[in-house]
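Please look through the following model with attention to one helix and its surroundings. The paragraphs below lead from the end of that helix to the packing around it.

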Amino acid sequence: MLNVAIVGPGLVGGALIEQLVAHTQSPRFARLPIAVVGLINSKRMALSSTAFTAADLAQWQTTLLGDSAEPADLSRFADTLSAVSGGATAVVDCTSSDAIAALYPSWLTRGLHVVTPNKKGFSGEMSLFREIERLASSPLGPNVYHEATVGAGLPVLSTLNDLVRTGDRIIKIEGIFSGTLSYLFNNFSAPGASHSFSACVAVAKANGYTEPDPRDDLNGMDVARKVTILGRVAGLDIGTDTLPVENIVPEALRGVSTAEEFMERLPEFDDHFSQLNKEALQSGSVLRYVGFVDGVEGQSSVKLARYPLDHPFASLKGSDNIIAFTTERFPNPLIIQGAGAGAAVTAFGIFSDLIKIAERFGSGLADPKF
(Lines give C-alpha, C1' and ligand atoms only; values in the text may rest on other atoms or scores of the structure.)
Protein backbone atom coordinates (compact mmCIF):
# COMPACT_ATOMS: atom_id res chain seq x y z
CA MET A 1 0.00 0.00 0.00
CA LEU A 2 1.18 3.52 -0.80
CA ASN A 3 -0.31 6.13 1.49
CA VAL A 4 -0.54 9.62 -0.01
CA ALA A 5 -0.92 13.02 1.64
CA ILE A 6 -1.55 16.14 -0.43
CA VAL A 7 -0.26 19.56 0.55
CA GLY A 8 -2.10 22.44 -1.10
CA PRO A 9 -4.99 20.66 -2.79
CA GLY A 10 -6.40 23.08 -5.33
CA LEU A 11 -6.68 22.99 -9.09
CA VAL A 12 -3.87 20.46 -9.64
CA GLY A 13 -4.44 18.65 -6.35
CA GLY A 14 -8.13 18.35 -7.11
CA ALA A 15 -7.36 16.84 -10.51
CA LEU A 16 -4.97 14.40 -8.84
CA ILE A 17 -7.65 13.38 -6.34
CA GLU A 18 -10.04 12.66 -9.22
CA GLN A 19 -7.45 10.44 -10.89
CA LEU A 20 -6.67 8.62 -7.62
CA VAL A 21 -10.36 7.96 -7.00
CA ALA A 22 -10.66 6.54 -10.54
CA HIS A 23 -7.62 4.35 -9.80
CA THR A 24 -9.42 2.73 -6.86
CA GLN A 25 -12.08 1.57 -9.31
CA SER A 26 -9.54 0.08 -11.74
CA PRO A 27 -8.30 -3.54 -11.82
CA ARG A 28 -4.79 -2.09 -11.52
CA PHE A 29 -5.62 -1.00 -7.96
CA ALA A 30 -5.40 -4.60 -6.73
CA ARG A 31 -1.72 -4.67 -7.67
CA LEU A 32 -0.93 -1.04 -6.85
CA PRO A 33 -3.15 0.05 -3.95
CA ILE A 34 -2.88 3.80 -3.27
CA ALA A 35 -4.77 5.47 -0.44
CA VAL A 36 -5.14 9.17 0.41
CA VAL A 37 -4.60 9.60 4.15
CA GLY A 38 -3.97 13.34 4.52
CA LEU A 39 -5.01 16.72 3.15
CA ILE A 40 -3.71 20.12 4.23
CA ASN A 41 -4.03 23.68 2.97
CA SER A 42 -2.91 26.96 4.50
CA LYS A 43 -5.69 26.91 7.11
CA ARG A 44 -6.99 23.40 7.73
CA MET A 45 -5.85 19.79 7.65
CA ALA A 46 -7.57 16.44 7.74
CA LEU A 47 -5.91 13.10 8.51
CA SER A 48 -7.23 9.55 8.37
CA SER A 49 -5.67 6.60 10.19
CA THR A 50 -6.82 4.30 7.37
CA ALA A 51 -7.83 6.14 4.20
CA PHE A 52 -10.37 8.66 3.07
CA THR A 53 -13.30 7.12 1.26
CA ALA A 54 -14.14 7.94 -2.34
CA ALA A 55 -17.06 9.99 -1.00
CA ASP A 56 -14.72 11.97 1.28
CA LEU A 57 -12.40 12.67 -1.62
CA ALA A 58 -15.18 13.54 -4.06
CA GLN A 59 -15.99 16.45 -1.74
CA TRP A 60 -12.49 17.09 -0.42
CA GLN A 61 -13.15 20.81 0.12
CA THR A 62 -15.93 19.86 2.54
CA THR A 63 -13.68 17.27 4.19
CA LEU A 64 -11.17 20.01 4.99
CA LEU A 65 -13.94 22.04 6.59
CA GLY A 66 -15.63 19.13 8.40
CA ASP A 67 -15.72 18.21 12.07
CA SER A 68 -12.75 15.86 11.70
CA ALA A 69 -10.52 18.60 10.30
CA GLU A 70 -8.34 20.81 12.47
CA PRO A 71 -6.08 23.87 12.17
CA ALA A 72 -3.18 23.37 9.77
CA ASP A 73 0.10 22.35 11.41
CA LEU A 74 2.68 21.13 8.92
CA SER A 75 5.03 19.78 11.57
CA ARG A 76 2.35 17.65 13.25
CA PHE A 77 1.03 16.70 9.81
CA ALA A 78 4.45 15.25 8.88
CA ASP A 79 4.89 13.59 12.28
CA THR A 80 1.52 11.87 11.96
CA LEU A 81 2.25 10.70 8.43
CA SER A 82 5.63 9.25 9.42
CA ALA A 83 3.82 7.06 11.95
CA VAL A 84 1.27 5.70 9.47
CA SER A 85 1.56 1.92 9.26
CA GLY A 86 0.68 -0.47 6.48
CA GLY A 87 2.99 0.71 3.73
CA ALA A 88 5.10 3.56 2.44
CA THR A 89 3.90 7.17 2.60
CA ALA A 90 4.40 9.90 0.01
CA VAL A 91 3.79 13.60 0.49
CA VAL A 92 2.61 15.41 -2.64
CA ASP A 93 3.39 19.13 -2.58
CA CYS A 94 1.01 20.87 -4.99
CA THR A 95 2.03 24.37 -3.90
CA SER A 96 4.56 26.73 -5.47
CA SER A 97 5.88 27.74 -2.06
CA ASP A 98 9.56 28.24 -1.18
CA ALA A 99 8.72 27.59 2.47
CA ILE A 100 7.10 24.24 1.71
CA ALA A 101 9.99 23.18 -0.53
CA ALA A 102 12.39 23.96 2.32
CA LEU A 103 10.64 21.24 4.36
CA TYR A 104 11.55 18.42 1.96
CA PRO A 105 14.73 17.42 3.83
CA SER A 106 12.78 17.12 7.10
CA TRP A 107 10.15 15.00 5.37
CA LEU A 108 12.78 12.76 3.85
CA THR A 109 14.54 12.25 7.18
CA ARG A 110 11.17 11.11 8.55
CA GLY A 111 11.11 8.44 5.84
CA LEU A 112 8.47 10.16 3.71
CA HIS A 113 8.71 10.04 -0.08
CA VAL A 114 8.23 13.37 -1.88
CA VAL A 115 6.43 13.94 -5.19
CA THR A 116 5.84 17.45 -6.47
CA PRO A 117 5.33 19.86 -9.37
CA ASN A 118 6.83 22.63 -7.18
CA LYS A 119 9.98 23.93 -8.88
CA LYS A 120 11.37 25.83 -5.90
CA GLY A 121 13.27 22.99 -4.24
CA PHE A 122 15.11 22.11 -7.44
CA SER A 123 15.75 25.55 -8.94
CA GLY A 124 16.36 27.63 -5.81
CA GLU A 125 19.32 27.58 -3.45
CA MET A 126 21.91 25.03 -4.54
CA SER A 127 22.42 23.98 -0.92
CA LEU A 128 18.77 22.89 -0.65
CA PHE A 129 18.96 21.04 -3.96
CA ARG A 130 22.11 19.19 -2.84
CA GLU A 131 20.55 18.24 0.49
CA ILE A 132 17.44 16.86 -1.21
CA GLU A 133 19.65 15.01 -3.69
CA ARG A 134 21.77 13.54 -0.89
CA LEU A 135 18.81 12.31 1.14
CA ALA A 136 17.08 10.86 -1.94
CA SER A 137 20.24 9.00 -2.97
CA SER A 138 20.40 6.80 0.11
CA PRO A 139 20.09 3.14 -0.99
CA LEU A 140 17.44 2.43 1.64
CA GLY A 141 15.97 5.90 1.89
CA PRO A 142 12.85 7.52 0.49
CA ASN A 143 12.50 8.64 -3.10
CA VAL A 144 11.99 12.11 -4.60
CA TYR A 145 10.19 12.47 -7.91
CA HIS A 146 9.46 15.79 -9.60
CA GLU A 147 8.66 14.99 -13.22
CA ALA A 148 5.92 17.62 -13.30
CA THR A 149 8.32 20.47 -12.47
CA VAL A 150 9.44 20.78 -16.11
CA GLY A 151 6.94 19.34 -18.54
CA ALA A 152 3.81 18.68 -16.47
CA GLY A 153 2.90 15.20 -17.75
CA LEU A 154 5.55 14.99 -20.48
CA PRO A 155 8.35 12.46 -19.78
CA VAL A 156 11.11 15.07 -19.76
CA LEU A 157 13.02 14.42 -16.53
CA SER A 158 12.57 10.65 -16.74
CA THR A 159 14.11 10.75 -20.23
CA LEU A 160 16.98 12.95 -19.07
CA ASN A 161 17.59 10.68 -16.07
CA ASP A 162 17.74 7.66 -18.36
CA LEU A 163 20.23 9.41 -20.65
CA VAL A 164 22.46 10.46 -17.75
CA ARG A 165 22.34 7.13 -15.90
CA THR A 166 23.21 5.11 -18.99
CA GLY A 167 26.31 7.25 -19.49
CA ASP A 168 25.20 9.28 -22.49
CA ARG A 169 26.88 12.66 -22.90
CA ILE A 170 24.48 15.60 -22.89
CA ILE A 171 25.51 18.07 -25.57
CA LYS A 172 22.50 20.36 -25.33
CA ILE A 173 18.88 20.49 -24.28
CA GLU A 174 16.77 23.02 -26.08
CA GLY A 175 13.09 23.62 -25.71
CA ILE A 176 9.94 25.69 -25.62
CA PHE A 177 9.03 25.14 -21.99
CA SER A 178 6.22 27.63 -21.48
CA GLY A 179 2.74 26.87 -22.79
CA THR A 180 1.93 30.57 -22.51
CA LEU A 181 4.91 31.75 -24.54
CA SER A 182 4.43 28.89 -26.98
CA TYR A 183 0.86 30.05 -27.64
CA LEU A 184 1.90 33.69 -27.95
CA PHE A 185 4.65 33.22 -30.49
CA ASN A 186 2.93 30.43 -32.41
CA ASN A 187 0.14 32.93 -33.09
CA PHE A 188 2.19 36.11 -33.38
CA SER A 189 5.18 34.89 -35.38
CA ALA A 190 4.07 32.74 -38.29
CA PRO A 191 3.84 33.30 -42.05
CA GLY A 192 0.59 35.10 -42.78
CA ALA A 193 -0.16 35.99 -39.15
CA SER A 194 -1.53 39.52 -38.77
CA HIS A 195 -2.20 39.92 -35.05
CA SER A 196 -0.31 42.48 -33.00
CA PHE A 197 1.72 41.24 -30.05
CA SER A 198 -0.50 43.02 -27.52
CA ALA A 199 -3.60 41.48 -29.10
CA CYS A 200 -2.07 38.00 -28.78
CA VAL A 201 -1.27 38.64 -25.12
CA ALA A 202 -4.82 39.88 -24.52
CA VAL A 203 -6.33 36.74 -26.08
CA ALA A 204 -3.99 34.50 -24.10
CA LYS A 205 -4.91 36.29 -20.88
CA ALA A 206 -8.64 36.11 -21.64
CA ASN A 207 -8.34 32.36 -22.29
CA GLY A 208 -6.52 31.79 -19.00
CA TYR A 209 -3.20 30.86 -20.59
CA THR A 210 -1.21 33.55 -18.78
CA GLU A 211 -0.67 34.31 -15.13
CA PRO A 212 -3.01 36.98 -13.76
CA ASP A 213 -0.18 39.40 -14.50
CA PRO A 214 1.27 38.38 -17.91
CA ARG A 215 4.61 39.89 -16.94
CA ASP A 216 5.13 36.81 -14.77
CA ASP A 217 5.25 34.81 -18.02
CA LEU A 218 7.00 37.35 -20.22
CA ASN A 219 9.89 37.91 -17.81
CA GLY A 220 11.15 34.37 -18.53
CA MET A 221 11.65 33.29 -14.92
CA ASP A 222 9.38 30.26 -15.17
CA VAL A 223 11.43 29.03 -18.14
CA ALA A 224 14.63 29.85 -16.25
CA ARG A 225 13.55 27.64 -13.36
CA LYS A 226 12.89 24.75 -15.74
CA VAL A 227 16.25 25.22 -17.47
CA THR A 228 17.94 25.27 -14.07
CA ILE A 229 16.26 22.00 -13.08
CA LEU A 230 17.26 20.30 -16.32
CA GLY A 231 20.82 21.59 -16.03
CA ARG A 232 21.17 20.40 -12.45
CA VAL A 233 19.78 16.95 -13.23
CA ALA A 234 22.29 16.81 -16.11
CA GLY A 235 25.08 17.55 -13.62
CA LEU A 236 25.62 21.27 -14.17
CA ASP A 237 26.01 23.82 -11.37
CA ILE A 238 23.61 26.45 -12.64
CA GLY A 239 20.97 28.63 -11.03
CA THR A 240 18.42 31.27 -11.94
CA ASP A 241 20.73 33.87 -10.39
CA THR A 242 23.53 33.15 -12.87
CA LEU A 243 21.52 32.14 -15.93
CA PRO A 244 21.19 34.82 -18.63
CA VAL A 245 17.44 35.42 -19.02
CA GLU A 246 15.94 37.70 -21.66
CA ASN A 247 13.04 39.59 -20.13
CA ILE A 248 10.74 40.55 -23.01
CA VAL A 249 8.57 42.82 -20.90
CA PRO A 250 9.28 46.32 -22.25
CA GLU A 251 11.52 48.05 -19.73
CA ALA A 252 9.13 50.98 -19.32
CA LEU A 253 6.37 48.58 -18.24
CA ARG A 254 8.29 46.46 -15.75
CA GLY A 255 7.57 48.78 -12.87
CA VAL A 256 3.94 49.71 -13.52
CA SER A 257 1.81 48.98 -10.49
CA THR A 258 -0.94 46.76 -11.91
CA ALA A 259 -1.54 44.13 -14.57
CA GLU A 260 -4.38 46.29 -15.90
CA GLU A 261 -2.04 49.21 -16.52
CA PHE A 262 0.46 46.87 -18.16
CA MET A 263 -2.19 45.57 -20.55
CA GLU A 264 -3.43 49.09 -21.33
CA ARG A 265 0.06 50.30 -22.25
CA LEU A 266 1.38 47.20 -24.01
CA PRO A 267 0.08 48.34 -27.45
CA GLU A 268 2.58 51.22 -27.25
CA PHE A 269 5.28 48.63 -27.92
CA ASP A 270 3.63 46.71 -30.75
CA ASP A 271 5.93 48.35 -33.29
CA HIS A 272 8.96 46.98 -31.42
CA PHE A 273 7.69 43.41 -31.52
CA SER A 274 6.43 43.84 -35.08
CA GLN A 275 9.90 44.87 -36.22
CA LEU A 276 11.50 41.85 -34.55
CA ASN A 277 8.95 39.60 -36.22
CA LYS A 278 9.38 41.27 -39.62
CA GLU A 279 13.15 40.79 -39.52
CA ALA A 280 12.73 37.12 -38.59
CA LEU A 281 10.19 36.43 -41.35
CA GLN A 282 12.34 38.20 -43.94
CA SER A 283 15.17 35.80 -43.08
CA GLY A 284 12.86 32.80 -43.48
CA SER A 285 12.50 32.31 -39.73
CA VAL A 286 10.04 32.73 -36.88
CA LEU A 287 10.45 33.92 -33.29
CA ARG A 288 10.30 31.43 -30.44
CA TYR A 289 11.03 31.89 -26.73
CA VAL A 290 13.39 29.09 -25.73
CA GLY A 291 15.42 27.67 -22.89
CA PHE A 292 18.84 26.25 -23.65
CA VAL A 293 21.02 23.94 -21.54
CA ASP A 294 24.59 23.82 -22.85
CA GLY A 295 26.32 20.67 -21.67
CA VAL A 296 29.60 21.43 -23.44
CA GLU A 297 30.49 25.13 -23.25
CA GLY A 298 28.38 26.03 -20.24
CA GLN A 299 26.53 28.78 -22.12
CA SER A 300 23.00 27.96 -20.97
CA SER A 301 20.41 30.70 -21.49
CA VAL A 302 16.77 31.73 -21.81
CA LYS A 303 16.02 33.98 -24.78
CA LEU A 304 13.92 34.97 -27.75
CA ALA A 305 15.46 33.26 -30.77
CA ARG A 306 14.89 32.73 -34.48
CA TYR A 307 14.21 29.33 -36.04
CA PRO A 308 13.95 28.49 -39.74
CA LEU A 309 10.52 27.49 -41.01
CA ASP A 310 11.54 23.83 -41.44
CA HIS A 311 12.65 23.52 -37.79
CA PRO A 312 10.39 21.49 -35.45
CA PHE A 313 10.09 24.51 -33.13
CA ALA A 314 8.71 26.61 -35.98
CA SER A 315 5.84 24.24 -36.73
CA LEU A 316 4.59 23.98 -33.15
CA LYS A 317 0.85 24.58 -32.70
CA GLY A 318 -1.33 25.83 -29.89
CA SER A 319 0.29 25.91 -26.47
CA ASP A 320 2.34 22.72 -26.79
CA ASN A 321 5.81 22.35 -25.33
CA ILE A 322 8.67 20.79 -27.22
CA ILE A 323 12.03 19.63 -25.88
CA ALA A 324 14.99 18.39 -27.93
CA PHE A 325 17.84 16.37 -26.39
CA THR A 326 21.05 16.34 -28.40
CA THR A 327 23.50 13.80 -27.01
CA GLU A 328 26.42 11.68 -28.09
CA ARG A 329 24.03 8.80 -28.82
CA PHE A 330 21.31 11.05 -30.26
CA PRO A 331 23.12 13.49 -32.59
CA ASN A 332 19.78 13.86 -34.35
CA PRO A 333 17.81 15.18 -31.37
CA LEU A 334 15.46 13.05 -29.35
CA ILE A 335 12.28 15.14 -29.31
CA ILE A 336 9.42 15.17 -26.82
CA GLN A 337 6.34 17.22 -27.69
CA GLY A 338 2.88 17.71 -26.24
CA ALA A 339 0.80 19.56 -23.70
CA GLY A 340 3.14 20.90 -21.05
CA ALA A 341 0.63 22.66 -18.83
CA GLY A 342 -2.85 22.21 -17.39
CA ALA A 343 -4.28 20.64 -14.25
CA ALA A 344 -5.11 17.23 -15.74
CA VAL A 345 -1.74 16.62 -17.40
CA THR A 346 0.18 17.96 -14.38
CA ALA A 347 -1.82 15.63 -12.14
CA PHE A 348 -1.00 12.80 -14.56
CA GLY A 349 2.72 13.57 -14.15
CA ILE A 350 2.34 13.45 -10.35
CA PHE A 351 0.27 10.27 -10.50
CA SER A 352 2.81 8.52 -12.70
CA ASP A 353 5.51 9.37 -10.15
CA LEU A 354 3.34 7.94 -7.36
CA ILE A 355 2.91 4.74 -9.35
CA LYS A 356 6.69 4.42 -9.64
CA ILE A 357 6.97 4.61 -5.86
CA ALA A 358 4.10 2.14 -5.42
CA GLU A 359 5.75 -0.30 -7.85
CA ARG A 360 9.09 0.06 -6.11
CA PHE A 361 7.62 -0.44 -2.67
CA GLY A 362 5.51 -3.39 -3.78
CA SER A 363 8.39 -5.15 -5.50
CA GLY A 364 10.78 -4.60 -2.63
CA LEU A 365 13.29 -2.80 -4.82
CA ALA A 366 15.41 -0.08 -3.23
CA ASP A 367 16.67 1.73 -6.31
CA PRO A 368 16.48 5.44 -5.46
CA LYS A 369 15.47 7.89 -8.12
CA PHE A 370 15.83 11.65 -7.95
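Glycine 284 adopts a positive phi of about 75° just after helix H16 in this predicted model. The helix that precedes this glycine, H16, runs over residues 270-282, and its 13 residues reach 18 Å from the first C-alpha to the last, close to the 18 Å expected at 1.5 Å a residue.

Within H16, the residues Asp270, Phe273, Asn277 and Ala280 are buried, and because they cover an arc of only 95° around the axis, they lie on the same side of the helix. An α-helix has 3.6 residues a turn, so residues three or four places apart point the same way. The face of H16 turned away from the buried side carries Asp271 and Gln282, which are exposed. On the buried side, the packing partners are helix H11 (179-188), helix H12 (197-206), strand S9 (285-294) and strand S10 (301-308).

Phe273 of H16 is also among the residues touched by isoleucine 248, whose contacts, not counting residues up to four places away in sequence, further include Leu181, Phe185, Phe197, Leu218, Tyr289 and Leu304. Ile248 is itself one of the residues with the most contacts inside the largest nonpolar core, which has 68 residues, alongside Trp107, Phe185 and Leu230. Helix H14 (residues 221-233) gives the most to this core, contributing six residues. A second core, separate from that one, has 34 residues, including Ala90, Cys94, Ala148 and Leu354.

As for the annotation, an unreviewed UniProt entry places the feature "domain: Homoserine dehydrogenase catalytic" at residues 155-355. The end C-alpha atoms of this span lie 14 Å apart, and the span is 40% helix and 19% strand.

Methods. Residues numbered from 1 in each chain as written. Predicted model: local features only at pLDDT ≥ 70, side-chain atom pairs only at ≥ 80, totals over all residues. Heavy atoms only, no water. UniProt positions renumbered as here; feature names shortened; annotations may be inferred. Helix = DSSP H or I, 4+ residues; strand = E, 2+ residues; numbered from the N terminus. Expected span 1.5 Å × (residues − 1). Buried < 20%, exposed > 50% of the residue type's maximum accessible area, 1.4 Å probe, protein only. Arc of directions from axis to C-beta. Contact = heavy atoms within 4.5 Å. Core = buried A, V, L, I, M, F, W, Y, C linked by side-chain atoms within 4.5 Å.
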